[in-house]
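Please read the points below alongside the sequence and the coordinates. They run from the overall fold to the ligand, the core and one chosen residue.

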Amino acid sequence: MTLLETQNLTAHYGDFQALFGVDFTMDEGETVAVIGANGAGKSTFLRTLTGLHPSKGQTITFDGQPIAGLAGDAIHKAGLAMVPEGRRLFRSLTVEENLMIGAAGKLSGPWTLEAVYTLFPDLVAKRHNPGTALSGGQQQMVAIGRALMSNPKLLLCDEISLGLAPKIIKDIYPAVPHIRARGTSIIVVEQDVGQAMAVADRIYCFMEGRVTLTGTPHSLTREQIAHAYFGMGV
Ligand SMILES: Nc1ncnc2c1ncn2[C@@H]1O[C@H](COP(=O)(O)OP(=O)(O)OP(=O)(O)O)[C@@H](O)[C@H]1O
C-alpha cells in the first residue's frame, strides 16, 4: 500500500525556487534513500513533508490523508517523525529524558524505551547521563530513538552520518534494517551514495531541486547515478 505520495511538489525561499515538480511515492514498509549533492533540495523536501516548510495547496498524501498545509504537530500526530540534521538534543537533559520527550503524545506501536535500548545498547549505560556527556554517535542514537518513541509510521532521517567518523557511522547504519523490521518505514537523506545503496529498497536522486533518477539499488549503474547526482556526461 502507498504510504506517501507527492505530486508536482514545489518549494520556494522567497523568490528562490528550491524544488521543482517533485513526484515521489513510497510503499508501507519501504526504506527509501534520497541522495544528492549539497544544495540539491533534500532537506527542503523533508522539511516540506513535515510542515517545517509551507506546503499549503500542494498534493502530499500520507497514509491515505492529505497533509499539505497542516501544522507540524498535526503531521507528527499523523505518524511522521523527523530526525533533524544536527541532532538537536536537549543537552542538559539525560538520555532517558530526551527519549521521553519523543514519547509525548505518542501513538501506540512497537517503540518503547526498552526497544530503543535494544536497538542501541550503547545507550543503556548512559541512560542517566546528560546529553553533554555523549559522543557524536551516541547523540545521533538518542536523536533517532527520540523520533522513534512517538511510534511514527514513517521516520525521516536527515543526513544521519553528517559529521561522524566512518567507524561510528558503521555503528548507526545497521539500526536501519532493525527499525524497518519493527514495521517503521524510513526515508534516509544521504550524501554518501554507498551507504544509501546498502540500506535502501529504492533510491531517489535529486539535483538542483528536481528528481533526476529513481530505481532500486540493483537496477542502477554507477554511471546513471553519477549522471543524476552531478549532471556529468555519461
Ligand atoms: N533558509 C533558506 N533560505 C534561502 N535559501 C535556502 C534556505 N535553505 C536552503 N536554501 C537553498 O535551497 C536549496 C536547497 O537546499 P537544501 O538544504 O534543501 O539542499 P540539500 O540537498 O539538503 O543540501 P545539504 O546536503 O547541503 O543540506 C539550496 O540552493 C539552498 O541554498
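1. With 234 residues, the protein would be expected to have a radius of gyration near 17 Å if it were a compact globule, and its value of 17 Å agrees with that; the radius is taken over C-alpha atoms, and the globule rule is 2.2 Å times the number of residues to the power 0.38. The C-alpha trace spans about 50 × 40 × 35 Å along the principal axes.

2. This is a predicted model, in which local features need pLDDT of at least 70 and side-chain atom pairs count only at pLDDT 80 or more, while totals for chains, interfaces and linings use all residues. Residues are numbered from 1 along each chain as its sequence is written. The average pLDDT (the predictor's confidence in each residue, from 0 to 100) is 92, and 98% of the residues score at least 70; the model scores are ipTM 0.96 and pTM 0.93.

3. The protein has 9 helices and 10 strands, which are DSSP runs numbered from the N terminus (helices H or I, at least four residues; strands E, at least two). Of the contacts with a separation of 6 or more, 65% join residues 24 or more positions apart, a contact being a pair of C-beta atoms, placed from the backbone, within 7 Å.

4. Around the ligand (C-beta atom, placed from the backbone, within 6 Å of it) the residues include Tyr13, Phe16, Lys42, Ser43, Thr44 and Gln191. Strand S2 (16-27) and helix H1 (42-49) each supply at least two residues of this shell, and H1 gives the most, with 3 residues.

5. Buried residues, those with 20 or more other C-beta atoms within 10 Å of their own, C-beta atoms being placed from the backbone, make up 41% of the 234. The largest nonpolar core (buried Ala, Val, Leu, Ile, Met, Phe, Trp, Tyr and Cys residues joined through C-beta atoms within 7 Å) has 62 residues, and those with the most contacts inside it are Leu155, Leu156, Cys157 and Val188. Helix H5 (residues 136-148) contributes the largest share of this core, 6 residues. Beyond its neighbours within four places in sequence, Leu155 is in contact with residues including Ala81, Val83, Ile179 and Ile186.

6. Is Leu9, in strand S1 (residues 2-13), buried or exposed? Leu9 is buried because 23 other C-beta atoms lie within 10 Å. Residues up to four places away in sequence aside, Leu9 touches Leu19, Val22, Thr48, Gln58 and Ile60; Leu9 and Thr48 are 39 residues apart in sequence and 8.9 Å apart in space, C-alpha to C-alpha.

Methods:
Buried ≥ 20, exposed ≤ 12 C-beta atoms within 10 Å, placed from the backbone. Contact = placed C-beta atoms within 7 Å.
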